[in-house]
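Here is a set of exercises to work through with the model open beside you. Try each task before reading its solution.

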Amino acid sequence: MSDLSHVDHEGRARMVDVSAKADTTRIAVATGELQTTAEVVALVRADGMPKADVLSTARIAGIAGAKKTSELIPLCHQLALSSVRVEFDFTGTAIIIAATAKTKGPTGVEMEALTAVAVAGLTLHDMVKAVDPAATLNGVRLLTKDGGKHGHWERPATGSADAITAASSADTSDDVTETVQDDAKYSAQQHVSDTQTKSGVVLVASTGAAAGTRTDTTGPVLADWLGGLGFAVRGPLVYADAEIAIGLADALRLAPALIITTGGTGASPTDSTPEATLAVIDRELPGVAEAVRQRGTAKFPLAALSRGVAGLAGRTVIVNLPGSPGGVKDGMTVLEPLLDHLLAQVAGGGNHE
């Protein structure tokens with residue numbers, strides 16, 4: 001009984017004392033799905049439900065639910081949440097819900113992410129019940145968490161249901177319409193046939209681009225290039241430098257074959273893409289990162305300052321590229337002849353030397 005953190009040695013419920021724990025950045029990602037009918041899915045996507053603004057209402061409810069977690073779950077701590085994102089996507093008969101919660105503190109945000117999914121899902125149920133009173137909220141579960149002494153944790157793959165849920169999660173923030181369209185296209189491409197094996201995500205670390213004060217010129221180039229190589233591409237997903245760990249968690253949730261990041265690899269205090277990448281990969285690919293660096297340094301000596309890394313997170317290849325157009329061009333030149341063989345090796349084949 002005492003092995004349970006919220007139960008004392010006499011079996012009584014308690015609130016865990018976290019005062020001795022160090023403050024670290026904590027991130028958690030949770031998901032769930034509202035099983036409904038094809039008619040409801042079509043109506044929600046077309047904003048044709050009797051109760052309008054279904055997704056916007058559910059998103060706000062999910063965020064509010066995350067903020068109220070300590071009031072709803074008796075033994076949870078009050079947390080100063082720095083970010084809560086609630087996202088939606090669709091299958092033929094389900095609305096997929098995904099929530100990412102972030103804080104800096106002595107304890108995790110798993111319950112906040114799970115509560116956001118649950119409250120958003122219940123709100124969806126309320127919004128669609130006039131058309132489908134039999135809708136069911138299913139599979140509310142934690143996908144990943146980061147921070148604290150245990151570092152990164154990821155839910156083990158349990159079969160096709162989790163894979164479909166992961167691949168269906170997409171960014172539907174009101175200010176990123178183009179990203180929503182790209183995500184929908186990505187999901188559709190992934191499900192066209194069982195032979196589609198190449199899926200990629202382009203992730204941009206740029207505080208200015210995320211704030212809308214500058215135009216990102218690297219992400220679209222990478223997305224077009226991967227599309228030309230036959231990849232189903234999600235993105236570019238743009239995150240501020242300080243939020244790149246959230247971006248990686250978002251990208252990994254879709255279990256793509258490849259994630260290419262651009263930006264945040266320099267020596268500036270805000271450049272943290274390599275650290276965020278090292279936190280999620282299982283094995284490094286140092287030769288790939290060094291080849292990109294050498295290619296750039298041959299023409300531009302300052303390219304040696306790039307701290308980009310490459311590695312494997314499960315069966316996903318992650319490669320960091322610099323945030324400059326030239327650095328991205330060098331990266332594409334290095335990667336193009338390697339990708340097919342590398343991805344085949346990671347998938348379990350192509351092991352000949």
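Buried means under 20% relative accessible area, exposed means over 50%, and partly exposed lies in between. Keep in mind that this is a predicted model.

**Exercise 1. Take stock of the whole protein: how many helices and strands are there, and what percentage of the residues is buried?**

Step 1. Count the elements: the protein has 13 helices and 11 strands.

Step 2. Apply the burial cut-off to the 353 residues, and 48% of them turn out to be buried.

Step 3. Look at the contacts with a separation of 6 or more: residues 24 or more positions apart account for 73% of them.

Step 4. Turn to the outside, where the protein exposes about 16,700 Å², with 56% of it supplied by carbon and sulfur atoms.

**Exercise 2. Find the largest nonpolar core and say which residues touch the most other members.**

Step 1. This core holds 29 residues, and those touching the most other members are Val-44, Val-86, Phe-88, Ile-95, Ile-97 and Leu-124.

Step 2. Assign the core to elements: two or more residues come from each of β1 (24-35), α1 (38-45), α2 (54-67), β2 (81-91), β3 (94-105) and α4 (110-128). Helix α4 gives the largest share, 8 residues.

Step 3. Now follow Leu-124. Leaving out residues up to four places away in sequence, Leu-124 touches Leu-34, Val-54, Leu-55, Ala-58, Phe-88, Ile-95 and Ile-97.

Step 4. Check for another core: a second, separate one has 26 residues, including Val-202, Leu-258, Val-334 and Leu-335.

**Exercise 3. Work out which residues of helix α8 are buried and how they are arranged around its axis.**

Step 1. Within α8 (residues 219-228), the buried residues are Gly-219, Leu-222, Ala-223, Trp-225 and Leu-226.

Step 2. Look down the axis of α8: these residues fall within an arc of 165°, so they line one face of the helix. A general rule helps here: an α-helix has 3.6 residues a turn, so residues three or four places apart point the same way.

Step 3. Inspect the face turned away from the buried side, and you meet the exposed residues Asp-224 and Gly-228.

Step 4. Ask what the buried residues pack against: the partners are β6 (199-205), β7 (232-239), β8 (258-262), β11 (316-321), α12 (325-335) and α13 (339-346).

Step 5. Past the helix comes Gly-230, whose phi is positive, near 95°.

**Exercise 4. Among the salt bridges, examine Glu-33 with Arg-141: are both residues buried or exposed?**

Step 1. The whole structure contains 11 salt bridges. In this one, the closest N and O atoms of Glu-33 and Arg-141 are 3.6 Å apart.

Step 2. Glu-33 sits in strand β1 and Arg-141 in strand β4 (residues 136-146), so the bridge ties together parts 108 residues apart in sequence.

Step 3. Both Glu-33 and Arg-141 are buried.

Step 4. Set beside this pair Glu-110 and Lys-145, whose side chains meet at 3.0 Å, N to O. Glu-110 belongs to helix α4 and Lys-145 to strand β4, 35 residues apart. Lys-145 is partly exposed, at 28% relative accessible area.

**Exercise 5. Locate the surface patch that includes Met-111.**

Step 1. Leu-72, Ile-73 and Met-111 form this nonpolar patch, with about 240 Å² of accessible area together.

Step 2. Met-111 lies in helix α4. With a relative accessible area of 34%, Met-111 is partly exposed.

Definitions and conventions
Residues are numbered from 1 along each chain as its sequence is written. This is a predicted model: local features need pLDDT of at least 70, side-chain atom pairs count only at pLDDT 80 or more; totals for chains, interfaces and linings use all residues. Side-chain values use heavy atoms; hydrogens and water are left out. A nonpolar core is a set of buried Ala, Val, Leu, Ile, Met, Phe, Trp, Tyr and Cys residues joined through side-chain atoms within 4.5 Å. Buried means under 20% relative accessible area, exposed over 50%, partly exposed in between (1.4 Å probe, protein chains only). Helices (H or I, at least four residues) and strands (E, at least two) are DSSP runs, numbered from the N terminus. Contact means heavy atoms within 4.5 Å. Patches are made of residues with over 30% relative accessible area and no salt bridge: like charges are joined within 9 Å, nonpolar side chains (Val, Leu, Ile, Met, Phe, Trp, Tyr) within 5 Å. Accessible areas come from the Shrake-Rupley method with a 1.4 Å probe; for residues, only the protein chains shown count as cover. A salt bridge is a side-chain nitrogen of Lys or Arg within 4 Å of a carboxyl oxygen of Asp or Glu. The arc is that of the directions from the helix axis to the C-beta atoms.
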